[in-house]
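Colleague: I'm new to this one and would like a close look at a single part of it, with whatever sits around that part. Could you walk me through it in plain words?

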Amino acid sequence: MQEAKALFQKLKIVSLLDLALLFPSSYDNTTLSNRINKGESHVFDAIVKEVSSFNGKLRVVFDISDLNISLNSMFFRVTPYHYKLFTVGTRHYIQGRVDEYRGELQMNQPKSLKRVGDIVPKYSTAIKESSMRSLIEHYISEQMLYSEGLENREVAVIMGLHYPKTIEQVSSPDSEALKFIEAFNHMKKLKGKRADFPALMSLTGDINPFVKNLPFVLTNEQLMVIDEVQEDLKRNDRASKRLIIGDVGSGKTMIILAAAMMAYPQKSILMAPTSLLAMQIYEEAQKFLPSTINLALVKQSKSEGDYLTADFIIGTHAILFKDDMPNAPLVMVDEQHRFGTKQRALLENMMTNDERKPHFLQLSATPIPRTQAMMQSELIDVSLITTTPFDKDISTEVVGKENFRRLLEEMKNEIAQKHQVLIIYPLVEESKEIPYQSLDEGRGFWEKRFKHVYVTHGKDKKKEEVLIEFREKGDILLATTVVEVGISLPRLTLIVIVGAERLGLATLHQLRGRVGRLGLKSWCYLFTNNKKNGRLESFTQTESGFEIAKLDLKFRNSGDILDGTVQSGMQFKWLDLAEDERIVQVAKGRVKHS
Ligand code: ADP
Ligand code: MG
């Protein structure tokens, strides 16, 4: 088909299985009925028994011999055609809704059909119905479905929905098979998008000098991921593309440092989203890496070390603007979701040489459900870190105004123990739309009652300085959600999130991750005007980011208002990412062999 490509574009689809999954929105069922359900549409084999007209309306009485009944029909929009068509004794296939009127069955304004016995699909898509129909007829066949990698059961459900023979095929389709097809199609597309390139070089540096000198032992998961990275980096026929996903505090920096060791004596570069984070990793590198590894910190202002000669360069996006950045066969991006795709690609491309690309590791603190990770790994290898090195001990509670006095006491208690408190406000300035105090309205209260109160927010130019000073000297930090970025405040043990129900679970989880980073007993209070909130309640029950990613999916489907931080982009009609792990697993196996 000539114009198929344009039609595919209009339908926003890219694969034949995408098309196969665009099922009819309804069906015109012209199979003859052998019983009557009032209120539903039926088709009968009928003979005209009586015809009369009055007030411009036409009244026809049909005999339905199959059912041994007669049926009244009124025609309100009458044309001469109707009189010609319905003469006494003629036989018709009539179609329409059957209702009961004054104790009698009637079918008003029935259609007279030329033929019966079909279940005709109706498509409502972005293109003309006739075009859609010809696309389907042209492309969707058993042969095509088999050659796309589907098997009997899946082929049957698709054929049944586009070319139904019985009404059962469309009224209760095989949903397991549909889930499978969705997962399979999605992964096949991702696999098709993956392009691999040879690496600049194989990196096999010894990580022992680093691992042996750590003041703690790495967790099993950290070791496993380090293994995976080692397997990646030692190849030179394929540049690594790996996304390492681990909750806040799961110890991802150790993976970064280990990877820099693998690269040594070659160079590696790490890009972090804020200078504070870059500094933090730089400090950890200084602390934990052997001194043979020369470090440099690159920021817009105040760089440290000499990046021209350094072995491991850590920096912000300022790296992207240095045209004398040395070539490095390993690049890494921390908190990768804080960067745009372009910035990440730019870093990779800076190091690309002809067809050879650097090994590329990305780290993310946004947990995704395991099913989603399994699917995603068709495009990019995924490692999950699901445990944290410390057992965090955080109590989470939904609170309201009536609990405020107790909250205040607990804050004083924590501060007396040299711990710190964080209060998150929904916004900076007063707003009529939001039934909570803003940062500006709230700060006076705290400043009057406590000594070392610090304030910052997203647009605050000085926020990094404020955070650094707070880390050393502060008791209470008032902020908006800016602190979401992974800066470490080890003495933080109590967080209050005002208007918590307005935030997505992923955001709440990031915020909660700020407290108890080093295992200190901590508290997270979700302050709300309406404590009856199932979403918040279930959030208090779990601390696992992976569980929360699942909950987020569940509540997203239930239509809760969220702040847009949930993972978007994957929408399935049948597949449930929270539940269908087994199906995804099987589909993945099939994709591998297709
Ligand atoms: P993430 O980047 O995943 O949020 P970090 O790498 O910042 O987490 O680690 C959080 C804290 O845990 C840091 O202080 C780090 O030094 C420490 N840490 C990392 N791995 C371990 C471990 N295996 N045992 C004890 N502490 C660890
Ligand atoms: Mg980190």
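Modeller: Start with Lys357, which lies over the face of Phe197, 4.7 Å from the ring centre. Keep in mind as we go that this is a predicted model. Another charge-over-ring contact puts Arg590 over the face of Phe184, this time at 5.8 Å from the ring centre.

Rings also meet rings here: the structure holds eleven aromatic pairs. One of them joins Phe216 and Phe288, with ring centres 5.9 Å apart and planes at 65°, and since an angle over 60 degrees counts as edge-to-face, that is what this pair is. The two partners are 72 residues apart, so to speak on distant parts of the chain: Phe216 is in the loop between α9 (208–212) and α10 (220–233), while Phe288 belongs to helix α12 (residues 275–288). Are they buried or exposed? Phe216 is partly exposed, with a relative accessible area of 38%. Phe288, at 12%, is buried, because the cut-off for that word is under 20%.

Now look at Trp446 and Phe450, another aromatic pair, this one tilted, with 6.0 Å from centre to centre and 35° between the planes. Trp446 is buried at 4% relative accessibility, and Phe450 is buried too, at 10%. Ring pairs tie both of them into a cluster with Phe404 and Phe445.

On to the part I'd like you to look at most closely, strand β21 (residues 492–498). Seven of its seven residues are buried, so the strand is largely enclosed by the rest of the structure. What does β21 pair with? One partner is strand β18 (residues 420–424), which runs parallel to β21 over five bridges. Along that pairing you can find Ile423 opposite Val496 of β21. Another partner is strand β22 (residues 522–527), also parallel, and joined to β21 by five bridges. Two places to check there are Leu494, whose bridge partner in β22 is Trp523, and Val498, whose bridge partner is Phe527.

How does the chain get from β21 to β22? Helix α18 (residues 505–512) belongs with these two strands in a β-α-β unit, and the unit is right-handed.

β22 deserves a moment as well. Five of its six residues are buried, which leaves the strand mostly covered. Besides β21, it pairs with strand β17 (residues 394–399), in the parallel sense and over six bridges. In that pairing Val399 stands opposite Phe527 of β22. Phe527 is therefore a handy residue to click on, being the bridge partner of Val498 and the residue across from Val399, given that strand pairing rests on such bridges.

Last, have a look at the second largest pocket, with a volume of about 830 Å³. Its lining takes in 32 residues, and those nearest the pocket centre are Thr253, Glu284, Ser488, Arg517 and Leu518. The elements that give two or more residues to this lining are α11 (252–263) and α12. Helix α12 makes the largest share, with seven residues. That is the helix you met earlier as the home of Phe288.

Conventions:
Residues numbered from 1 in each chain as written. Chains lettered and ligands numbered in written order. Predicted model: local features only at pLDDT ≥ 70, side-chain atom pairs only at ≥ 80, totals over all residues. Heavy atoms only, no water. Buried < 20%, exposed > 50% of the residue type's maximum accessible area, 1.4 Å probe, protein only. Helix = DSSP H or I, 4+ residues; strand = E, 2+ residues; numbered from the N terminus. Right-handed = clockwise from strand over helix to strand, strands pointing away. Phe/Tyr/Trp six-rings, centres within 6.5 Å; stacked < 30°, edge-to-face > 60°. Lys NZ or Arg CZ within 6 Å of the ring centre and 35° of its normal. 1 Å grid on protein atoms, 1.4 Å probe; cavity = no way out; pocket = protein on both sides within 12 Å on 5 of 7 lines; lining within 4 Å. Points joined across faces, edges and corners; volume = space filled by probe spheres on them.
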